[in-house]
Amino acid sequence: MCCCGVSSCRCERRISHTVAALVVLLSVLFLSLSASVSVAVSSDPLVDEKSGVIIDWRRGAIVATGGAAADHRMPSADVARPGAERRAQASARTRLGEALRALPLGGGRRLDEAAVERALGRARATNVDYQSNGGALVRMEIGFGDWANGSQVPSPSGAGGGGGAAGEGKSVATIALLLSEGRLAAAPLLVVGGREVTIEGARYSTVAALPAGGRPLTVRADKEGRLLPEKGASLPEFAGRQVVIYVRKILR
């Protein structure tokens, strides 16, 4: 007999069934959350969702949610939550890593492993949902340019990317580019004076959102996906400035 008054075998089976039910419940909650997010982003051409990861080209951010059930060996839900949160974060980081390795930078380029690790090291938990049974759901985010080595990429306040604190509480000067048609790229190449300049942490928007009276720099994409400014264009200094690319037609 065990402490609950039944045979140890029956008690173990009861505990196993309870744990299994909790795991199923947490999985259902996670799938429901993912499904609701998918419906919300499906209508936005600048927000992609695949395998539970969202790439928000408007904000220049990659978002993933990870879930973990409570460790049934813990004496209470409160004690179980920290471990569940760590496991949920690890799950979200795994998803983010997969997304980073497949992320198109432009011109057929991909991030190398060192850049992926730098970005993962800067991943931020933007929301934690603790379950009553001790489980946890964690939403984590990485900004475009978080993979950059050295100086952080500036980001507008609330954009949630580009090195985190770089844009918090500060007004970041923005450069607007107008692209007639092209593919979305997280770090596109701009040809300036015959040399290639990488635009780290680019954001995208539709032409319809271009502010009235705005005078963006017109660019076109060449066969390699590089951005070429119109002839005679005076190019601004890109260092320390945020770049927003307004696109008429997105190629897939």
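**Entry 1: the α2–α3 contact**

I looked up which residues join helices α2 and α3 in this predicted model. From α2, I recorded Arg93, Leu96, Gly97, Leu100 and Arg101, which meet Glu113, Val116, Glu117, Ala119 and Leu120 of α3. By class, I found the residues of this contact to be 5 nonpolar, 1 polar and 4 charged.

I then examined the geometry of the pair. The axes of α2 and α3 (residues 113–121) come within 10 Å, and they cross at roughly 140°. I therefore entered α2 as oblique to α3, since only angles over 145 degrees would count as roughly antiparallel. I noted the handedness of this crossing as right-handed.

**Entry 2: the nonpolar core**

I next turned to the largest nonpolar core and counted 47 residues in it. Those with the most contacts inside this core are Trp57, Ile62, Leu100, Trp147, Leu177, Tyr204 and Ile245. Helix α2, spanning residues 77–102, supplies the largest share of the core, with 6 residues.

I followed Trp147 further, setting aside its neighbours within four places in sequence. Its contacts include Leu100, Leu103, Leu105 and Leu111, together with Ala115, Ala119, Ala186 and Ala187. I also listed the charged partners Arg118, Arg122 and Glu200 for Trp147.

**Entry 3: Ser51**

Where does Ser51 lie? I located Ser51 in the loop between β1 (47–50) and β2 (53–56). Its phi is near 55°, a positive value in a residue other than glycine. I registered Ser51 as exposed because its relative accessibility is 59%, against a threshold of over 50%.

Technical notes:
Residues are numbered from 1 along each chain as its sequence is written. This is a predicted model: local features need pLDDT of at least 70, side-chain atom pairs count only at pLDDT 80 or more; totals for chains, interfaces and linings use all residues. Side-chain values use heavy atoms; hydrogens and water are left out. A nonpolar core is a set of buried Ala, Val, Leu, Ile, Met, Phe, Trp, Tyr and Cys residues joined through side-chain atoms within 4.5 Å. Buried means under 20% relative accessible area, exposed over 50%, partly exposed in between (1.4 Å probe, protein chains only). Helices (H or I, at least four residues) and strands (E, at least two) are DSSP runs, numbered from the N terminus. Contact means heavy atoms within 4.5 Å. Axes are lines fitted to C-alpha atoms, for helices over the stretch in contact, and angles run from 0 to 180 degrees between N-to-C directions. Angles under 35 degrees count as roughly parallel, over 145 as roughly antiparallel, 65 to 115 as roughly perpendicular and the rest as oblique. A crossing is left-handed if the near helix is turned anticlockwise from the far one by less than a right angle, and right-handed if clockwise.
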